[in-house]
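User: Please take a close look at one part of this model, the place where two helices pack against each other, and set that part in the context of the chain around it.

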Amino acid sequence: MEVFPNEQACVEHLARLRWPNGPVCPECGTIGRAYRITNRFKCAYCRSFFSVRKDTIFEESRLPLRKWFVAIFLFMSNRKGVSSHQLAREIGVKQQTAWFMLSRLRHVADNMAVEILRGVVEVDEAYVGGRNKNRHANKKYPNWVDGFQVVVGAVERDGSVVTERVPNRDRAVLQGFINKRVHRGSRVYTDDLPSYRKMKGYTHRKVNHSVGEYVDGDCHTNSIESFWALVKRAHKGIYHLWSHEHFDLYLREFELRWNVRFLPEGDRIDVFLRHVNGTRLSYEDLTNGRRPVLRGRRTGIPQTSKRASKGQTRRGPGTRQSGSVRQFPDRNPEHPTGRAAADP
Ligand SMILES: [Zn+2]
């Protein structure tokens, strides 16, 4: 954290990353015409003042950005995650504050989620959570298999992971997930669960776990299984309880850490800060279950596979430029916060 000695250094750093073409005025949408006065920006066109926190998860927070950056660092670099109690001690805030901070970080993780995988993809499902019979009557969760939540996940070999919670392990459910999240024509490796049989549109191979077979040539599901192992250990050791409402946010958090695992530690804060545009989240919206749907999800993918970090480009139409992450192409290009497009 020596890199960020004071608030001003943090403001400059955040401004550089969220506005690569210069500050964007939230009032008039002018790009690159604002200048910094201490910790605020002033638009040279419409003369309004604005903060670098506007329209991000930092907007309604009074905490210094320095504490936020420490939180982001801990969030991105602890393999099993960081609990709100631990974060509270670490940066000297109340546990409730730390909990809301972590929820907002997970909200950005949602903004960074990967949509489609391709190439060699391992698919496997897992049970996460405690047993319903151990829960108090008014805390039992409906639709859980034996009290566990079924989660299905897919991992690109040496690449990103996507997960989704599902009601059960039926064929329609699991293959529906594959059809939605795995590019047609990819090689899909699974175990021998009957639900994966007769898969159309993919080269499907399976390892026969029931007869003790775990690796057949390059066909194995070890990557997705180590992802689940990580999630389950963290669930037990760090968080103890994932509330039903925020379950998906926890999954996004684990996806994000997995997806940036090949990035050097120093780059992880930066890739995170590039995705904070348009992520404002109020406490009311979070706790009422009205968390806004994020627009960045379809585009913002940190470039993390081993292949990519060696500087080689990927095949196919989904090729992304390494080093830079495209931002919100479906929004008004003149106005990255998208407001001008929404109400002309
Ligand atoms: Zn302006």
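Analyst: Helices and strands are here DSSP runs, of at least four residues for a helix (H or I) and at least two for a strand (E), numbered from the N terminus. On that basis the protein chain of this predicted model has 11 helices and eight strands. Of its 344 residues, 34% count as buried, and among the contacts with a separation of 6 or more, 60% are between residues 24 or more positions apart.

The part to examine is the packing of helix α2, residues 65–77, on helix α8, residues 265–273. Two packed helices are described by the angle between their axes and the distance between the axes. For α2 and α8 the angle is about 115 degrees and the axes are 9 Å apart, which means that α2 is roughly perpendicular to α8, the range counted as roughly perpendicular being 65 to 115 degrees. The crossing of α2 with α8 is right-handed.

As to the residues involved, α2 contributes F69, I72, F73, M76 and S77, which meet E265, R268, I269 and F272 of α8. By class, the residues of this contact comprise six nonpolar, one polar and two charged.

Elsewhere in the chain, β1, β2 and β3 form an open sheet of three strands, in the order β1-β2-β3 and with antiparallel pairing. The edges of this sheet are β1 (34–37) and β3 (49–50), each of which has a single partner strand, so one side of each is left without a neighbour in the sheet. Strand β2, residues 40–43, pairs with β3 in the antiparallel sense over two bridges, and F41 stands opposite F50 in β3.

Two loop residues complete the context. T38, in the loop between β1 and β2, has a phi near 45 degrees, a positive value in a residue other than glycine. T38 has 8 other C-beta atoms within 10 Å and is therefore exposed, since the cut-off for exposed is 12 or fewer. D158, which is found in the loop between β5 (149–156) and β6 (161–166), also is not a glycine and has a positive phi, of about 60 degrees. With 15 other C-beta atoms within 10 Å, D158 is partly exposed, because a residue counts as buried at 20 or more such atoms and as exposed at 12 or fewer, with partly exposed in between.

Note on methods: Residues are numbered from 1 along each chain as its sequence is written. This is a predicted model: local features need pLDDT of at least 70, side-chain atom pairs count only at pLDDT 80 or more; totals for chains, interfaces and linings use all residues. Two residues are in contact if their C-beta atoms, placed from the backbone, lie within 7 Å. Axes are lines fitted to C-alpha atoms, for helices over the stretch in contact, and angles run from 0 to 180 degrees between N-to-C directions. Angles under 35 degrees count as roughly parallel, over 145 as roughly antiparallel, 65 to 115 as roughly perpendicular and the rest as oblique. A crossing is left-handed if the near helix is turned anticlockwise from the far one by less than a right angle, and right-handed if clockwise. Ala, Val, Leu, Ile, Met, Phe, Trp, Tyr, Cys and Pro count as nonpolar, Asp, Glu, Lys and Arg as charged, and the others, Gly among them, as polar. Two strands pair if DSSP finds at least two bridges between them.
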